[in-house]
Amino acid sequence: MQFKVGEWIVLSTVDKAVLAKCTKAEKPFKAVIQVPGGDDEHLEFKGSDVIANLGENPRFGSVHGLTIEPLRRTVRHEFWGDIRLYQVLDEVAVSDFRKGLKRVQAKIERNKFPVLPLEVDVRHPKGKTKGMFKHRPTKDTDLMTLRVGSDDLVEGDFDEIVSHEYAHGLWFRNMTLSERLKWVHLYHKFVTLIHVTKKQLDGILEDVEAENDIGAFMRGCDAETLIIFKECLRHIKNVHSLDKHHLQMCLSLNESIGDYWPESLEISEKEIAVDTYAHSSPEELFATSFSFWFSGKKLPKVIQSLLDSSISKFTKG
Ligand SMILES: [Zn+2]
């Protein structure tokens, strides 16, 4: 297959295909593989290793099971650090993106919040996650990944996405342990433990055994029972290392599954505090709350007051 310097090629290596950019088109052929957030990997290859040539400017997509998303450009920014553009943005999007970053920066500076040691990867939108933050304690910088589409570049949304990731950086770099612990306590306030009684559990066991079919039971029971039943399955998995289909084997032969059934259970239920995403951890509660406040959304009083106290510490430090 023909290839030139600067073209993106797919190489077949011993165990997998890799995307690389050709850096030398005479023998010995050389190419470079981009390593996200790390040092690029240089390698030599044989002409017969090349299984596809995607040209100098490949489109975002998937080829030979590989995600094709080469780095297009790196912009060095005094506030945001190196901004690496993987996403192909049109002129309007570039301008909106620039304005957005400027606006968020201005607001951070106006509040006298810290400048974080960052690198920013701008990638193509994929799934629901618009941003990601990777704290790298052994490196000088943390990595903020933005997966924003043109719909996300409007003021409120963009500011919320970026400030959310920025907040993760504050958590790691600028909050003391005791300050973080306050968020753990607040988070725990929104979690209610529900104790499931033996009587309830026995009742469910009886119903499942009568039904003889786990799938049918799960489809037919009410929402609360379903939550408890799923917890029972998790318990059986943890304690007895048995899966749903093992239990189904017993039931199919009219054998009791009582030996594996829990005697008691505790289930935690979370109240809607900020939005559902804030439920996943204290870190997310903090980052979501920060970004809500930052982009002008209202927060419940108890959260706003803790946020105010955390924020006042950033400006001092
Ligand atoms: Zn987050």
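# Talking through a three-domain model

Student: How do you know how far to trust this one?

Tutor: It's a predicted model, and the protein chain averages a pLDDT of 90, with 97% of the residues scoring at least 70. On a scale that runs from 0 to 100, that average is the predictor's own confidence. Confidence is lowest in strand β13 (residues 191–196), at a mean of 79, and highest in strand β12 (residues 142–146), at 96.

Student: Which domains does the assignment give?

Tutor: The domain assignment gives domain 1 (8–68), domain 2 (73–188 + 275–314) and domain 3 (193–270). Taken over C-alpha atoms, the centres of domain 1 and domain 3 are 50 Å apart.

Student: Let's start with the sheet that holds β1. What makes β4 and β5 the edges of that sheet?

Tutor: Look at the order: β4-β3-β2-β1-β5, an open sheet of 5 strands with antiparallel pairing. β4 (41–45) and β5 (50–55) each have a single partner strand, so one side of each is left without a neighbour in the sheet. On average, neighbouring strands of this sheet are turned by 40° against each other, direction ignored.

Student: How do you know that β1 and β2 count as a pair?

Tutor: Pairing takes at least two bridges between the strands. Strand β1 (residues 8–12) and strand β2 (residues 17–24) have 5 bridges, in the antiparallel sense, so they pass that cut-off. You can see the register in Trp8, which stands opposite Lys21 in β2, and in Ile9, whose bridge partner in β2 is Ala20. The two strands form a hairpin, with 4 residues between them.

Student: And what makes β2 and β3 a pair?

Tutor: Use the cut-off of at least two bridges again. β2 and β3 have 3 bridges, antiparallel, so they count as a pair too. Lys21 turns up here as well, standing opposite Val32 in β3. β2 and β3 also form a hairpin with 4 residues between them.

Student: Pro28 caught my eye. Why is the bond between Lys27 and Pro28 called cis?

Tutor: Check omega: it is about -5° for the peptide bond joining Lys27 and Pro28, and that bond is cis. Pro28 has its place in the loop between β2 and β3 (29–33). For context, most peptide bonds are trans.

Student: On to the sheet with β12. What makes its pairing mixed rather than purely antiparallel?

Tutor: The order is β8-β9-β10-β12-β11, an open sheet of 5 strands, and its pairing is mixed. One parallel case is strand β10 (residues 118–122) with β12, joined by 5 bridges. In that pair, Val122 stands opposite Leu146 in β12. Helix α2 (residues 155–174) packs on the sheet, touching β10, β11 and β12, and its direction makes about 15° with that of β11.

Student: Why are α3 and α8 called roughly perpendicular?

Tutor: Their axes cross at roughly 95°. Angles of 65 to 115 degrees count as roughly perpendicular, and therefore α3 and α8 get that label. The axes of helix α3 (residues 177–189) and helix α8 (residues 282–294) come within 8 Å.

Student: What do α3 and α8 touch each other with?

Tutor: On the α3 side, Trp183, Val184, Leu186 and Tyr187 meet Pro282, Leu285 and Phe286 in α8. The contact test asks for C-beta atoms within 7 Å.

Student: How do you know that the length of α4 agrees with what a helix should span?

Tutor: Do the check at 1.5 Å a residue: the 14 residues of helix α4 (residues 198–211) should span 20 Å. The end C-alpha atoms of α4 are 20 Å apart, so the two values agree.

Student: What comes right after α4, and what makes that residue stand out?

Tutor: α4 is followed by Asn212, whose phi is positive, near 70°. Asn212 is a residue other than glycine with a positive phi. Most residues other than glycine have a negative phi. As for where Asn212 lies, look in the loop between α4 and α5 (214–220).

Notes
Residues are numbered from 1 along each chain as its sequence is written. This is a predicted model: local features need pLDDT of at least 70, side-chain atom pairs count only at pLDDT 80 or more; totals for chains, interfaces and linings use all residues. Domain bounds come from an automatic or database domain assignment. Axes are lines fitted to C-alpha atoms, for helices over the stretch in contact, and angles run from 0 to 180 degrees between N-to-C directions. The expected span of a helix is 1.5 Å times one less than its number of residues. Angles under 35 degrees count as roughly parallel, over 145 as roughly antiparallel, 65 to 115 as roughly perpendicular and the rest as oblique. Two residues are in contact if their C-beta atoms, placed from the backbone, lie within 7 Å.
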